[in-house]
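User: I am new to reading structures. Could you take me through this one and explain the terms as we go?

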Amino acid sequence: RLFRPAPRPGEDVHVIVAIVDHFEPSRKAGAEGVKKVRQWCDRYEDIASRHMDSDGVYPQHTWFYRYDYPNFDCINILSEYAFRGLGEIEFHLHHGHDTPESFASRIREGIEWFGTAGAMTARHGAEKRFAYIAGNWALDNGRFDNALSGVDTELEILGSLGCYADFTFPAFGTVAQPRKVNSIQYSAYTPEPKSYDTGVDAEVGVAASGDLMIFQGPMFIDWMRGRIECGAIEGFAPYSPERIDCWLKAGVHVKGRPQWVFIKLHTHGMQS
């Protein structure tokens, strides 16, 4: 799918932008790393607090904190800013040589650890809910390298433990890239790696299916500039207004609602 259906004459198009941040302060930095997280958040608040939507809501930054760097002082800082209405904390994990049992145990431990800072707890307090990004783009052993995962049942495990959607993709340039691009889909577990390679489109009025929602960002060939646009905002891929056209033309949307276009970008906020 390269383009969304054209809007009807006179129809407004709504653009929903999310930037998912692979937030990875260095575990080697110790107190200096904690200091940098505080400085980063202070700078972000200075920018975000100047902007408010018609409902009185600030821009929401999404910190997918790397659980394999479990520094409580860092997530406690992020929690402060989340409770001030500036964002939320989600689950990011690099892992390897795991079994389904060890992976499930790691996710459970992570949910409890994040919960000590108030993250990943549903409004009523009993249910644990979270979004996920797989480190090294290796969701569901999708890079076929046990050193980067080893678990062919990640979709099933994540869904059963409260993950409501995965935000890993696109993963352009790696074997992990799904064949189906520019989609919001439900994928079901298969016994083989890379179960997310196909899926059922999320559709207005149709119940969820499968094991996990796979929420992809835009991937588009920019013929004018001779490049592949994959939604990365990094030091090597800085923002420019010209990129917006590609993000829109990728047309990521829920089937039956083409006038709502989702632009999911990704970054490494601490490194980039």
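User: Which residues is Tyr 65 in contact with, leaving aside its neighbours within four places in sequence?

Analyst: One note before the answer: this is a predicted model. Tyr 65 is in contact with Phe 23, Pro 25, Asn 71, Cys 74, Ile 75 and Leu 78. The list goes on with Ile 89, Glu 90, Phe 91, His 92, Trp 113 and Phe 114. Contact here means heavy atoms within 4.5 Å.

User: Which residues touch the most other members of the largest nonpolar core?

Analyst: They are Tyr 65, Phe 91, Ile 107, Phe 114 and Tyr 132. This core has 44 residues. Elements giving two or more residues to this core include α1, β2, α2 and β3. α3 gives the most, with six residues. There is also a second, separate core of 13 residues. Phe 64 is one of its members, and so is Phe 262.

User: What makes strand β2 mostly covered?

Analyst: Count the buried residues. Buried means under 20% relative accessible area. Six of the six residues of β2 are buried. His 61, Trp 63 and Tyr 65 point one way. Thr 62, Phe 64 and Arg 66 point the other way. Both sets are buried, so neither direction leaves an exposed residue in β2.

User: How do you know that β1 and β2 pair?

Analyst: Count the bridges. Two strands pair if DSSP finds at least two bridges between them. Four bridges join β1 to β2. Four meets the cut-off of at least two, so the strands pair. They run parallel. Within this pair, His 22 stands opposite Phe 64.

User: What about β2 and β3: how many bridges do they pair over?

Analyst: Six bridges, in the parallel sense. Arg 66 stands opposite His 92 in β3. Between these two strands the chain passes through helix α2, and this β-α-β crossover is right-handed.

User: What makes the length of α2 close to the expected one?

Analyst: Set the two values side by side. α2 has 12 residues and reaches 16 Å from its first C-alpha to its last. The expected value, at 1.5 Å a residue, is 16 Å.

User: What caps the N-terminal end of α2?

Analyst: Asn 71 does. One of its side-chain oxygens lies 3.0 Å from the backbone nitrogen of Asp 73. The cut-off for a polar contact is 3.5 Å, so this distance falls within it. Just after the helix, Gly 85 takes a positive phi of about 85°.

User: Which residues of α2 are buried, and what covers them?

Analyst: The buried ones are Cys 74, Ile 75, Ile 77, Leu 78, Ser 79 and Tyr 81. Their cover includes β1, α1, β2, β3 and α3.

User: Why is Ala 48 called buried?

Analyst: Ala 48 lies in helix α1. Its relative accessibility is 2%. The cut-off is under 20%, so Ala 48 counts as buried. Beyond its sequence neighbours within four places, Ala 48 is in contact with Tyr 58, Pro 59 and Leu 86.

User: Why does Ser 149 count as buried?

Analyst: Ser 149 is found in the loop between β4 and α4. Its relative accessibility is 0%. That is under 20%, so Ser 149 is buried. Residues it touches include His 95, Asp 98, Asn 141 and Glu 154.

User: Why does His 22 count as buried?

Analyst: His 22 lies in strand β1. At 2%, its relative accessibility is under the 20% cut-off, so His 22 counts as buried. Its contacts include Phe 64, His 92, Ile 133 and Trp 137.

User: Why is β4 described as largely enclosed by the rest of the structure?

Analyst: Five of the five residues of β4 are buried, so the description follows. Phe 130, Tyr 132 and Ala 134 point one way, while Ala 131 and Ile 133 point the other.

User: How do you know that β4 pairs with β3 and with β5?

Analyst: Apply the cut-off of at least two bridges again. Three bridges join β3 to β4. Three bridges also join β4 to β5. Each count meets the cut-off, so β4 pairs with both strands. His 92 stands opposite Ile 133 in β4. In β5, Cys 163 is the bridge partner of Phe 130. The chain crosses from β4 through α4 to β5, and this β-α-β crossover is right-handed.

Conventions: Residues numbered from 1 in each chain as written. Predicted model: local features only at pLDDT ≥ 70, side-chain atom pairs only at ≥ 80, totals over all residues. Heavy atoms only, no water. Buried < 20%, exposed > 50% of the residue type's maximum accessible area, 1.4 Å probe, protein only. Right-handed = clockwise from strand over helix to strand, strands pointing away. Core = buried A, V, L, I, M, F, W, Y, C linked by side-chain atoms within 4.5 Å. Expected span 1.5 Å × (residues − 1). Polar contact = N/O pair within 3.5 Å; in protein donor to acceptor, adjacent residues only side chain to side chain.
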